[in-house]
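Welcome to the tour! Open your viewer, and we will go from one selection to the next.

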Amino acid sequence: MAQRSEAVGSIALKDARQVTIRALLETDRPALAAFGQSLPKNDILYLEDDFTHPEIISRLANAAHAENWRQIIATTDEGEFVGYTAAMRMPGWSNHVANIRLIVQPNYRRSGLGMHLAQAIVEASRELGATKVTVEMLAALTAGQAIFSRLGFAVEGQLARHAIDRDGNLHDIVIMSAFVRI
Ligand SMILES: CC(C)(COP(=O)(O)OP(=O)(O)OC[C@H]1O[C@@H](n2cnc3c(N)ncnc32)[C@H](O)[C@@H]1OP(=O)(O)O)[C@@H](O)C(=O)NCCC(=O)NCCS
(Lines give C-alpha, C1' and ligand atoms only; values in the text may rest on other atoms or scores of the structure.)
Protein backbone atom coordinates (compact mmCIF):
# COMPACT_ATOMS: atom_id res chain seq x y z
CA MET A 1 0.00 0.00 0.00
CA ALA A 2 1.22 3.52 -0.80
CA GLN A 3 2.60 5.57 2.07
CA ARG A 4 -0.05 7.83 3.64
CA SER A 5 1.30 11.23 4.59
CA GLU A 6 -1.84 13.34 4.43
CA ALA A 7 -1.83 13.97 8.20
CA VAL A 8 -0.34 17.43 7.88
CA GLY A 9 -0.81 18.52 11.50
CA SER A 10 -1.89 21.78 13.02
CA ILE A 11 -2.48 24.88 10.91
CA ALA A 12 -3.32 28.51 11.73
CA LEU A 13 -6.15 29.92 9.66
CA LYS A 14 -6.22 33.50 8.34
CA ASP A 15 -8.38 34.51 11.32
CA ALA A 16 -5.84 32.95 13.73
CA ARG A 17 -8.02 29.97 14.68
CA GLN A 18 -6.12 26.68 14.85
CA VAL A 19 -7.30 23.43 13.34
CA THR A 20 -5.67 20.06 12.87
CA ILE A 21 -5.74 18.38 9.49
CA ARG A 22 -5.42 14.61 9.55
CA ALA A 23 -6.61 11.42 7.92
CA LEU A 24 -10.13 10.23 8.75
CA LEU A 25 -10.23 7.23 11.09
CA GLU A 26 -12.89 4.58 11.36
CA THR A 27 -13.54 5.71 14.93
CA ASP A 28 -14.44 9.20 13.64
CA ARG A 29 -17.93 8.07 12.67
CA PRO A 30 -19.77 10.09 15.42
CA ALA A 31 -17.78 13.27 14.71
CA LEU A 32 -18.36 12.87 10.98
CA ALA A 33 -22.08 12.39 11.60
CA ALA A 34 -22.12 15.55 13.75
CA PHE A 35 -20.30 17.42 10.95
CA GLY A 36 -23.00 16.32 8.50
CA GLN A 37 -25.71 17.52 10.86
CA SER A 38 -23.97 20.90 11.22
CA LEU A 39 -24.15 21.67 7.50
CA PRO A 40 -26.85 24.05 6.28
CA LYS A 41 -29.76 22.80 4.18
CA ASN A 42 -28.36 24.38 1.01
CA ASP A 43 -25.11 22.46 1.32
CA ILE A 44 -26.95 19.21 1.92
CA LEU A 45 -29.14 19.92 -1.10
CA TYR A 46 -26.28 20.57 -3.45
CA LEU A 47 -23.61 18.05 -2.40
CA GLU A 48 -23.23 14.74 -4.16
CA ASP A 49 -23.12 12.84 -0.85
CA ASP A 50 -25.88 13.32 1.71
CA PHE A 51 -23.84 13.90 4.86
CA THR A 52 -26.97 13.69 7.03
CA HIS A 53 -27.63 10.10 6.00
CA PRO A 54 -26.33 7.48 8.50
CA GLU A 55 -25.59 5.01 5.69
CA ILE A 56 -23.41 7.54 3.87
CA ILE A 57 -21.53 8.33 7.10
CA SER A 58 -20.98 4.60 7.70
CA ARG A 59 -19.76 4.12 4.13
CA LEU A 60 -17.24 6.95 4.50
CA ALA A 61 -16.02 5.81 7.94
CA ASN A 62 -15.72 2.21 6.72
CA ALA A 63 -13.60 3.44 3.81
CA ALA A 64 -11.02 4.99 6.17
CA HIS A 65 -8.52 2.31 5.20
CA ALA A 66 -9.74 1.62 1.66
CA GLU A 67 -6.90 1.13 -0.79
CA ASN A 68 -8.32 3.52 -3.40
CA TRP A 69 -9.58 6.27 -1.11
CA ARG A 70 -8.02 9.05 0.90
CA GLN A 71 -10.15 11.03 3.34
CA ILE A 72 -8.91 14.00 5.30
CA ILE A 73 -10.68 16.00 7.97
CA ALA A 74 -10.06 19.29 9.74
CA THR A 75 -10.83 19.22 13.45
CA THR A 76 -10.81 21.76 16.27
CA ASP A 77 -9.04 20.98 19.57
CA GLU A 78 -12.47 20.10 20.95
CA GLY A 79 -12.87 17.38 18.34
CA GLU A 80 -15.44 19.20 16.22
CA PHE A 81 -15.00 18.47 12.52
CA VAL A 82 -15.04 21.65 10.43
CA GLY A 83 -13.87 20.37 7.05
CA TYR A 84 -13.83 17.18 5.02
CA THR A 85 -12.17 16.23 1.78
CA ALA A 86 -11.79 12.96 -0.09
CA ALA A 87 -10.15 11.53 -3.17
CA MET A 88 -11.42 8.33 -4.75
CA ARG A 89 -9.47 6.58 -7.42
CA MET A 90 -11.76 5.54 -10.24
CA PRO A 91 -12.14 1.95 -11.41
CA GLY A 92 -11.55 0.54 -14.91
CA TRP A 93 -9.90 2.52 -17.68
CA SER A 94 -9.93 5.68 -15.57
CA ASN A 95 -7.93 4.10 -12.76
CA HIS A 96 -5.30 6.81 -13.14
CA VAL A 97 -7.96 9.41 -12.21
CA ALA A 98 -8.91 10.47 -8.69
CA ASN A 99 -12.17 12.28 -8.04
CA ILE A 100 -12.20 14.85 -5.25
CA ARG A 101 -14.84 16.09 -2.81
CA LEU A 102 -14.39 19.10 -0.52
CA ILE A 103 -16.57 20.78 2.06
CA VAL A 104 -15.92 23.28 4.82
CA GLN A 105 -18.36 24.11 7.59
CA PRO A 106 -19.86 27.60 6.97
CA ASN A 107 -18.44 29.09 10.24
CA TYR A 108 -14.94 28.26 9.02
CA ARG A 109 -15.24 29.50 5.42
CA ARG A 110 -13.13 32.29 3.90
CA SER A 111 -10.31 31.55 6.37
CA GLY A 112 -8.16 29.56 4.00
CA LEU A 113 -9.24 26.14 5.26
CA GLY A 114 -10.74 25.08 1.92
CA MET A 115 -7.49 25.87 0.17
CA HIS A 116 -5.43 23.94 2.78
CA LEU A 117 -7.69 20.90 2.42
CA ALA A 118 -7.71 21.12 -1.37
CA GLN A 119 -3.91 21.17 -1.45
CA ALA A 120 -3.75 18.24 1.00
CA ILE A 121 -6.15 16.13 -1.05
CA VAL A 122 -4.37 16.82 -4.34
CA GLU A 123 -1.17 15.65 -2.63
CA ALA A 124 -2.99 12.57 -1.30
CA SER A 125 -4.30 11.87 -4.83
CA ARG A 126 -0.75 11.90 -6.09
CA GLU A 127 0.18 9.40 -3.36
CA LEU A 128 -2.71 7.24 -4.49
CA GLY A 129 -0.93 7.05 -7.83
CA ALA A 130 -3.39 9.26 -9.70
CA THR A 131 -2.03 11.31 -12.58
CA LYS A 132 -5.26 13.17 -13.21
CA VAL A 133 -7.52 14.74 -10.60
CA THR A 134 -11.11 15.77 -11.23
CA VAL A 135 -13.71 17.59 -9.21
CA GLU A 136 -17.38 17.96 -10.06
CA MET A 137 -19.70 20.55 -8.60
CA LEU A 138 -22.89 22.37 -9.40
CA ALA A 139 -22.15 25.18 -11.86
CA ALA A 140 -23.65 27.58 -9.32
CA LEU A 141 -21.00 26.74 -6.68
CA THR A 142 -18.49 29.39 -7.65
CA ALA A 143 -16.43 29.24 -4.43
CA GLY A 144 -15.29 25.70 -5.21
CA GLN A 145 -14.46 26.67 -8.77
CA ALA A 146 -12.39 29.60 -7.50
CA ILE A 147 -10.35 27.34 -5.21
CA PHE A 148 -9.60 24.71 -7.80
CA SER A 149 -8.80 27.33 -10.48
CA ARG A 150 -6.24 28.78 -8.11
CA LEU A 151 -4.72 25.30 -7.79
CA GLY A 152 -4.34 25.08 -11.56
CA PHE A 153 -7.48 23.13 -12.38
CA ALA A 154 -9.28 24.00 -15.63
CA VAL A 155 -12.92 23.55 -16.54
CA GLU A 156 -13.04 20.48 -18.73
CA GLY A 157 -16.74 20.36 -19.35
CA GLN A 158 -20.21 21.24 -18.26
CA LEU A 159 -23.07 18.76 -18.17
CA ALA A 160 -26.56 20.16 -18.54
CA ARG A 161 -29.13 19.23 -15.88
CA HIS A 162 -26.90 16.41 -14.75
CA ALA A 163 -27.54 16.62 -11.01
CA ILE A 164 -30.82 16.41 -9.20
CA ASP A 165 -30.96 17.95 -5.75
CA ARG A 166 -32.87 16.56 -2.79
CA ASP A 167 -35.82 18.82 -3.64
CA GLY A 168 -35.99 17.29 -7.12
CA ASN A 169 -34.57 20.31 -9.03
CA LEU A 170 -32.12 19.77 -11.88
CA HIS A 171 -28.75 21.55 -12.07
CA ASP A 172 -25.86 21.84 -14.50
CA ILE A 173 -22.55 20.51 -13.22
CA VAL A 174 -19.05 21.67 -13.99
CA ILE A 175 -16.14 19.23 -14.24
CA MET A 176 -12.71 20.62 -13.45
CA SER A 177 -9.47 18.73 -13.77
CA ALA A 178 -5.72 18.94 -13.42
CA PHE A 179 -2.88 16.63 -14.37
CA VAL A 180 -0.47 15.86 -11.56
CA ARG A 181 2.93 14.26 -11.51
CA ILE A 182 3.51 11.21 -9.34
C1 LIG B 1 -15.79 25.64 -1.60
C2 LIG B 1 -15.45 25.69 -0.11
C3 LIG B 1 -14.86 24.35 0.30
C4 LIG B 1 -14.44 26.82 0.13
O5 LIG B 1 -13.95 26.72 1.46
P6 LIG B 1 -13.26 27.97 2.19
O7 LIG B 1 -12.64 27.47 3.44
O8 LIG B 1 -14.23 29.08 2.32
O9 LIG B 1 -12.14 28.39 1.13
P10 LIG B 1 -10.90 29.37 1.35
O11 LIG B 1 -11.15 30.28 2.50
O12 LIG B 1 -9.66 28.55 1.39
O13 LIG B 1 -10.94 30.21 0.00
C14 LIG B 1 -9.87 30.14 -0.93
C15 LIG B 1 -10.19 31.05 -2.10
O16 LIG B 1 -11.31 30.58 -2.82
C17 LIG B 1 -12.08 31.70 -3.28
N18 LIG B 1 -13.38 31.69 -2.61
C19 LIG B 1 -13.75 30.99 -1.52
N20 LIG B 1 -15.04 31.22 -1.22
C21 LIG B 1 -15.50 32.09 -2.16
C22 LIG B 1 -16.75 32.68 -2.41
N23 LIG B 1 -17.82 32.43 -1.62
N24 LIG B 1 -16.87 33.50 -3.45
C25 LIG B 1 -15.81 33.75 -4.26
N26 LIG B 1 -14.57 33.22 -4.08
C27 LIG B 1 -14.43 32.39 -3.04
C28 LIG B 1 -11.31 32.92 -2.92
O29 LIG B 1 -10.44 33.21 -3.98
C30 LIG B 1 -10.57 32.46 -1.70
O31 LIG B 1 -9.41 33.19 -1.45
P32 LIG B 1 -9.50 34.59 -0.63
O33 LIG B 1 -10.34 34.32 0.57
O34 LIG B 1 -8.06 34.84 -0.34
O35 LIG B 1 -10.13 35.55 -1.56
C36 LIG B 1 -16.72 26.01 0.73
O37 LIG B 1 -17.31 27.20 0.24
C38 LIG B 1 -17.74 24.89 0.70
O39 LIG B 1 -17.64 23.96 1.48
N40 LIG B 1 -18.74 24.98 -0.22
C41 LIG B 1 -19.76 23.96 -0.37
C42 LIG B 1 -19.22 22.68 -1.00
C43 LIG B 1 -18.53 22.89 -2.33
O44 LIG B 1 -18.94 23.71 -3.16
N45 LIG B 1 -17.43 22.12 -2.57
C46 LIG B 1 -16.59 22.28 -3.77
C47 LIG B 1 -16.63 21.17 -4.73
S48 LIG B 1 -16.74 19.52 -4.18
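We will visit the ligand, then a nonpolar core, then a loop.

This is a predicted model, in which local features need pLDDT of at least 70, side-chain atom pairs count only at pLDDT 80 or more, and totals for chains, interfaces and linings use all residues. Residues are numbered from 1 along each chain as its sequence is written.

**Stop 1: the ligand.** Select the ligand and the 20 residues that surround it, where a residue is near if its C-beta atom, placed from the backbone, lies within 6 Å. Arg109, Gly114, Met115, Ala143 and Gly144 are the closest. Now colour strand E5 (97-104), helix H4 (113-127), strand E6 (132-138) and helix H5 (142-150): each supplies at least two residues of this shell. Helices (H or I, at least four residues) and strands (E, at least two) are DSSP runs, numbered from the N terminus. H5 gives the most to the shell, with 5 residues.

**Stop 2: the core.** Next, select Ile72, Ala74, Phe81, Ala87, Ile100, Leu117 and Ile121, the residues with the most contacts inside the largest nonpolar core, which has 38 residues. Helix H4 gives the most to this core, with 7 residues. Such a core is a set of buried Ala, Val, Leu, Ile, Met, Phe, Trp, Tyr and Cys residues joined through C-beta atoms within 7 Å; buried means 20 or more other C-beta atoms within 10 Å of a residue's own, exposed 12 or fewer, and partly exposed in between, with C-beta atoms placed from the backbone.

**Stop 3: the loop.** Finally, pick Glu48, in the loop between helix H2 (41-46) and helix H3 (54-62). Why does Glu48 count as exposed? Because it has 12 C-beta neighbours inside 10 Å. Add Asp165: Glu48 and Asp165 are 117 residues apart in sequence and 8.5 Å apart in space, C-alpha to C-alpha.
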